[in-house]
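User: Could we go through this model together? I have some short questions on a strand, its neighbours and a helix.

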Amino acid sequence: MTHRLRVLVSGRVQGVGYRWSAAEQARRLGLNGWVCNLPDVRVEAEFEGAEDLLSSMRDWCAAGPRLARVDRVAETWEHGVEPRHTGVTIRG
């Protein structure tokens, strides 16, 4: 069964390649989705795939790349809902 995880990451996440790193991690895990930078320096992303892989991605988002300082990860799990917006597309 496919699940969807949407995250909103706050902290020092822009300027450290967080968006690119998150997209690469999602590809490594075989997830689909999108990642985008927001004007207020947060990063928003949506990932789709198996629940265990999404849990791994959620944990990665909280840790982030070495230079990122993640203050908060807000997460929403969704089932069978259309994505509300797109950013950099990820194909697993």
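Analyst: The following exchange concerns a predicted model.

User: Where does Glu48 sit?

Analyst: Glu48 lies in strand E3, which covers residues 43–49.

User: Is Glu48 buried, exposed or partly exposed?

Analyst: Glu48 has a relative accessible area of 28%, and it is called partly exposed because that value falls between the cut-offs of 20% and 50%. As for strand E3, 6 of its 7 residues are buried, and the strand is mostly covered.

User: Which residues does Glu48 touch, leaving out those up to four places away in sequence?

Analyst: Glu48 touches Thr2, His3, Arg4, Leu31, Asn32 and Leu54. The C-alpha atoms of Glu48 and Thr2 are 6.6 Å apart, although 46 residues separate the two in sequence.

User: What does the side chain of Glu48 make with that of Arg4?

Analyst: The two side chains make a polar contact at 2.4 Å. Arg4 also stands opposite Glu48 in E3.

User: How do E1 and E2 pair with E3?

Analyst: Strand E1, residues 3–12, pairs with E3 in the antiparallel sense over 7 bridges. Strand E2, residues 32–37, is likewise antiparallel to E3, over 6 bridges.

User: What do E2 and E3 form, and how many residues are between them?

Analyst: E2 and E3 form a hairpin with 5 residues between them. In the turn, Val41 has a positive phi of about 70°.

User: Which residue in E3 is the bridge partner of Cys36?

Analyst: The partner of Cys36 is Glu44.

User: On the cysteines, how many disulfides does a search of the whole structure find?

Analyst: The search finds 0 disulfides. Cys36 counts as buried at 9% relative accessibility, and Cys61 is buried at 1%.

User: Changing topic to H2, how far does the helix reach from its first C-alpha to its last?

Analyst: Helix H2, residues 51–63, has 13 residues and reaches 19 Å, close to the 18 Å expected at 1.5 Å a residue.

User: Which residues of H2 are buried?

Analyst: Leu54, Met57, Trp60 and Cys61 are the buried residues of H2. Seen down the helix axis, they fall within an arc of 115°, so they line one face of H2. On the other side of H2, Asp52 and Ala63 are exposed.

User: What do the buried residues of H2 pack against?

Analyst: The buried residues of H2 pack against E1, helix H1 (18–29), E3 and strand E4 (69–78).

User: And what phi does Gly64 take, just after H2?

Analyst: Gly64 takes a positive phi of about 70°.

Key:
Residues numbered from 1 in each chain as written. Predicted model: local features only at pLDDT ≥ 70, side-chain atom pairs only at ≥ 80, totals over all residues. Heavy atoms only, no water. Helix = DSSP H or I, 4+ residues; strand = E, 2+ residues; numbered from the N terminus. Buried < 20%, exposed > 50% of the residue type's maximum accessible area, 1.4 Å probe, protein only. Contact = heavy atoms within 4.5 Å. Polar contact = N/O pair within 3.5 Å; in protein donor to acceptor, adjacent residues only side chain to side chain. Disulfide = S-S within 2.5 Å. Pairing = 2+ DSSP bridges. Expected span 1.5 Å × (residues − 1). Arc of directions from axis to C-beta.
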